[in-house]
Protein chains: 2
Amino acid sequence: MSDNYHHGNLRKALIDAGIRIINESGEANLSLRKAAAICKVSHSAPYAHFKDKNELIEAIKATVTEQFMEELSAAVNASSDAESALVNMGRHYVAFFVRRPDYFRFMFGSLNITAHIRLDKNYENDYPPFTLLKETYLEYLAEKHLDKSVEEKETELLRLWASAHGLASIACMSGVETSFEWEDRIFSDLLLR
Amino acid sequence: MSDNYHHGNLRKALIDAGIRIINESGEANLSLRKAAAICKVSHSAPYAHFKDKNELIEAIKATVTEQFMEELSAAVNASSDAESALVNMGRHYVAFFVRRPDYFRFMFGSLNITAHIRLDKNYENDYPPFTLLKETYLEYLAEKHLDKSVEEKETELLRLWASAHGLASIACMSGVETSFEWEDRIFSDLLLR
DNA sequence: ACTATCATCTTTACACTGTCAAGATGCTGA
DNA sequence: TCAGCATCTTGACAGTGTAAAGATGATAGT
């Protein structure tokens with residue numbers, strides 16, 4: 001696949017245009033024709049690079065996942081030990097999407113709900129990130145010389161993932177405000193057992 | 001809003017048609033015109049009941065949320081004490097959506113990922129449900145005479161919600177198979193501290 | 001009983017979408 | 001030079017959301 005022809009690199013340009021559209025006006029406004037227009041190319045040009053609208057969407061998701069992985073890896077690498085790496089990963093798993101809720105809505109969908117966790121007032125009321133989590137968790141076990149059954153390990157791993165993912169989801173689509181402070185408490189509580 | 005006119009109750013019929021379409025061919029195939037056709041009504045008739053396609057979607061979401069609440073409430077009511085009610089609620093929070101992944105994809109979005117938690121093999125690799133959770137959790141605290149700070153309670157509550165929601169999300173969109181056994185372990189582990 | 005009102009529904013129209021088929025364009029290798 | 005091919009354009013089509021204008025029939029006030 002030559003990268004240089006009439007346009008230069010239309011494939012990448014279309015992905016970037018798609019991301020721009022999503023960030024500026026949400027996934028609902030993403031269309032092949034608009035992405036093509038941004039690239040100053042006819043409305044059928046994308047079909048030389050993507051079989052489908054869906055293939056463009058998948059390519060965009062892959063790109064966002066790469067950006068996500070960069071932030072997660074950086075968080076892990078900046079940590080002194082595996083335990084703090086796990087907590088940092090959780091922080092950034094949530095923070096990455098909280099910073100751009102439209103990314104989460106695009107990656108994992110959309111639904112706006114309102115809920116309050118505050119109890120002191122009366123309100124009504126083949127996925128690389130997982131691979132990284134798994135590796136970091138195994139390092140953590142080795143570091144602490146913890147002896148757990150396979151079942152225990154699997155359960156704990158799934159629980160860590162579900163917590164991070166659920167927290168990100170809730171933070172993006174609900175009125176719940178999260179903070180690093182909370183995330184720290186949640187993820188370190190999950191490990192201290 | 002009279003319930004009886006030409007059609008009978010077009011509003012409800014459109015919601016039901018929408019749910020049917022989603023269950024049969026996914027959200028992508030949901031269109032106002034198809035829903036109208038199922039109800040044997042012209043393509044513009046829906047506009048007498050919904051301002052928008054989006055308003056129909058919101059109405060469908062509200063209906064699904066009601067069904068969801070019925071299952072959660074039943075789970076809570078069938079439990080002997082608040083602790084088992086919490087675990088049961090978690091089980092059904094996940095099970096409701098695992099039974100119909102298209103519902104979850106519709107309610108909270110879509111992305112298919114593949115991941116494996118098994119460690120013994122070498123794979124590559126103003127929301128009513130929350131209100132119910134909150135009430136059940138407070139009952140649990142009272143029942144056990146647990147003395148926790150407000151912060152601790154808030155953290156634990158958020159952690160419970162995030163775990164259930166994240167587990168449901170992961171179960172619906174990834175290759176991870178979940179089971180009541182696992183959910184039990186996860187939710188009871190979360191409480192036993 | 002007559003009529004005005006109003007919610008409900010139909011018809012028509014338009015811009016926008018994804019996708020396909022046919023053709024143009026220009027690089028690349030034989 | 002020329003054939004082949006990836007790339008891109010043009011034109012067409014069905015399906016979509018939505019607006020405007022009109023038909024229909026229940027209901028309420030007189």
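This presentation describes the helices of a predicted model, how some of them pack, and a few individual residues.

Good morning. I begin with the conventions. The structure is a predicted model, in which local features need pLDDT of at least 70 and side-chain atom pairs count only at pLDDT 80 or more, while totals for chains, interfaces and linings use all residues. Residues are numbered from 1 along each chain as its sequence is written, chains are lettered from A and ligands numbered from 1 in the order in which they are written, and side-chain values use heavy atoms, with hydrogens and water left out.

Let us turn to chain A. The chain contains eight helices and zero strands, where helices (H or I, at least four residues) and strands (E, at least two) are DSSP runs numbered from the N terminus. Its pattern along the sequence is therefore written α-α-α-α-α-α-α-α. Of the 193 residues in chain A, 50% are buried. Here buried means under 20% relative accessible area, exposed over 50%, and partly exposed in between, with a 1.4 Å probe and protein chains only.

I now come to helix packing. Two packed helices are described by the angle between their axes and the distance between the axes. Axes are lines fitted to C-alpha atoms, for helices over the stretch in contact, and angles run from 0 to 180 degrees between N-to-C directions. Angles under 35 degrees count as roughly parallel, over 145 as roughly antiparallel, 65 to 115 as roughly perpendicular and the rest as oblique.

The pair that joins the two chains comes at the start. Helix α7 of chain A, residues 150–173, packs against α7(B) at an angle of about 100 degrees, with the axes 6 Å apart. That angle makes α7(A) roughly perpendicular to α7(B). Which residues of α7(A) meet α7(B)? They are A:L158, A:W161, A:A162, A:S163, A:H165, A:G166, A:L167, A:S169, A:I170 and A:M173. On the other side, α7(B) contributes B:L158, B:W161, B:A162, B:S163, B:H165, B:G166, B:L167, B:S169, B:I170 and B:M173. Contact means heavy atoms within 4.5 Å. The residues of this contact divide into twelve nonpolar, eight polar and no charged. In that count, Ala, Val, Leu, Ile, Met, Phe, Trp, Tyr, Cys and Pro are nonpolar, Asp, Glu, Lys and Arg are charged, and the others, Gly among them, are polar.

Within chain B, α7(B) also packs against helix α4, residues 82–99, at about 25 degrees, with axes 8 Å apart. The two helices α4(B) and α7(B) are therefore roughly parallel. From α4(B), the contact involves B:L86, B:Y93, B:V94, B:F97 and B:V98. From α7(B), the residues include B:L160, B:W161, B:A164 and B:H165. This contact has twelve nonpolar residues, one polar and no charged.

In chain A, I consider helix α4, residues 82–99, with helix α8, residues 180–191. Their angle is about 135 degrees and their axes are 9 Å apart, so α4(A) and α8(A) are oblique to each other. Among the residues in contact are A:E83, A:R91 and A:H92 of α4(A), and A:E183, A:D184 and A:S188 of α8(A). The division here is seven nonpolar, three polar and four charged.

Some individual residues deserve attention. A:V176 lies in the loop between α7 and α8 of chain A. Is A:V176 buried or exposed? A:V176 counts as buried because its relative accessibility is 4%. A:V176 and A:S188 are twelve residues apart in sequence and 20 Å apart in space, C-alpha to C-alpha.

In chain B, B:R20 lies in helix α1, residues 10–25, and is partly exposed at 45% relative accessible area. The C-alpha atoms of B:R20 and B:L30, ten residues apart along the chain, are separated by 9.3 Å.

Next, the backbone. Most residues other than glycine have a negative phi. B:K40, which is not a glycine, has a positive phi of about 55 degrees. B:K40 lies in the loop between α2 (32–38) and α3 (53–77) of chain B, and is exposed at 77% relative accessibility. B:H145 likewise has a positive phi, near 50 degrees. B:H145 is found in the loop between α6 (128–144) and α7 of chain B, and is exposed with a relative accessible area of 69%.

I close with the cysteines. How many disulfides does a search of the whole structure find? The search finds zero over all chains, a disulfide being a pair of cysteine sulfur atoms within 2.5 Å. A:C39 is buried at 9% relative accessibility, and B:C39 is buried with a relative accessible area of 9%.
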